[in-house]
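Biologist: I would like to go through the salt bridges here. Please take them one by one.

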Amino acid sequence: MSQYLLFNATLATMTPGGVPYGYVRDGAIAVSGERIAWCGEVAYLPAAYADWPRRDLGGRLVTPAPIDCHTHIVHGGNRAGEFEMRLNGASYEDIARAGGGIVSTVKATREAGADALLAGALRRVDALIAEGVCAIEIKSGYGLDIETELTMLRVARAIAQDRRVRVRTSFLGAHAVPAEYKGRADAYIDEVCIPALERAASEGLADAVDGFCEGIAFSPAQIERVFRKGSALGLPVKLHAEQLSNLGGAALAARYGALSADHLEYLDEAGVAAMASAGTVAVLLPGAFYTVRETQAPPIALLRRYGVPMAVATDCNPGSSPLASILLAMNMAATLFRMTPEEALAGATRNAARALGLVDTGMIAPGLRADLAVWDAEHPAELPYRIGINALHMRIFGGEA
């Protein structure tokens, strides 16, 4: 088992309840195998670690490795043409109702095949890894038939075999109604979504169940049918909620003890209160807000007031958020949503881990995984502050650089 000491470092442990960022100026971290054995001020280093091999970080900043807790990173094709349409005045809803949007990616994904899907996804995953990311959530939802949904999840699992990164998968069969089921959303749920979910669960391909609760997708009643099945199969739930309107999706998710409700631009106080009571994380996705030129931001002040944990993710997808930079997502969360730099960094570390049900990462603390990012920076506020600058010096995944 490898054992070593990182020293001459500034730490942002992101542990809550103490000094901002869990900031330690002259810090050290003892790493044993995949785990953190000790961390703190080097002046208080226990004698048991004093003779471990040392790695001098030259005063650099160390944070928990970022986590991207909401992506659609496995998909076929791109939607640059729709990007151009939006800039010429079409709305997200206009494009979806005209057969574009999610449905257009479905065609490309069905045609791509597993090898092409994996090759395309790895390019985007590599961009995230280059910014220190050690864990990624990946959703299905661009197959909308049983076999392609399962193929997407298998590709997501394969990413963790091809790259040093943890992958959590979410079954998102209730993402959109495919063209062949137009006007028959309930039949799609019965004939495709739920059978595909059962297959995904039986094959161990899904870590959670997700859905898109919106006027252009599925109603709360339809989503609840999927949640009931997912819960019966022992899977936690997540939900795309209140992105374009308020259908009460967040409150529905909270009733099922959801890990997270995501987007939330149109979330109201009742929904915030429900999330707070359930311990549901608010996953904020500024890349989608930016790309679709939304004008109503999520209710950050309400989320703060009720103590709802706020995570930040890229929403990496081919349409509404073609973003594969967790650093830019943090910057957007600060500049567009007015989150503080500490909230943005906690959103991409501690709270992102919580949104995925990961209890062994997201902070620098004894017993947790040594998933760490070492930055050419002096203060953690520099990470969401800079635009287009990747200050990553070294990524440590499970104790290995």
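Biologist: How many salt bridges does a search of the whole structure find?

Modeller: This is a predicted model: local features need pLDDT of at least 70, side-chain atom pairs count only at pLDDT 80 or more, and totals for chains, interfaces and linings use all residues. Residues are numbered from 1 along each chain as its sequence is written, and side-chain values use heavy atoms, with hydrogens and water left out. A salt bridge is a side-chain nitrogen of Lys or Arg within 4 Å of a carboxyl oxygen of Asp or Glu. The search of the whole structure finds 22.

Biologist: Is D360, the salt-bridge partner of R166, buried or exposed?

Modeller: The closest N and O atoms of R166 and D360 are 3.0 Å apart. R166 sits in strand β8, and D360 in the loop between α14 and β14, 194 residues apart; strands (E, at least two residues) and helices (H or I, at least four) are DSSP runs, numbered from the N terminus. Buried means under 20% relative accessible area, exposed over 50%, partly exposed in between (1.4 Å probe, protein chains only). R166 has 21% and is partly exposed, but D360 has 16%, so D360 is buried.

Biologist: Which helix holds R225, the partner of D190?

Modeller: D190 and R225 meet in a salt bridge at 2.1 Å, N to O. D190 lies in helix α6, and the pair ties together parts 35 residues apart in sequence, because R225 lies in helix α7.

Biologist: Which residue forms a salt bridge with R369?

Modeller: The closest N and O atoms of this pair are 2.9 Å apart. Both residues are buried, R369 and its partner D371.
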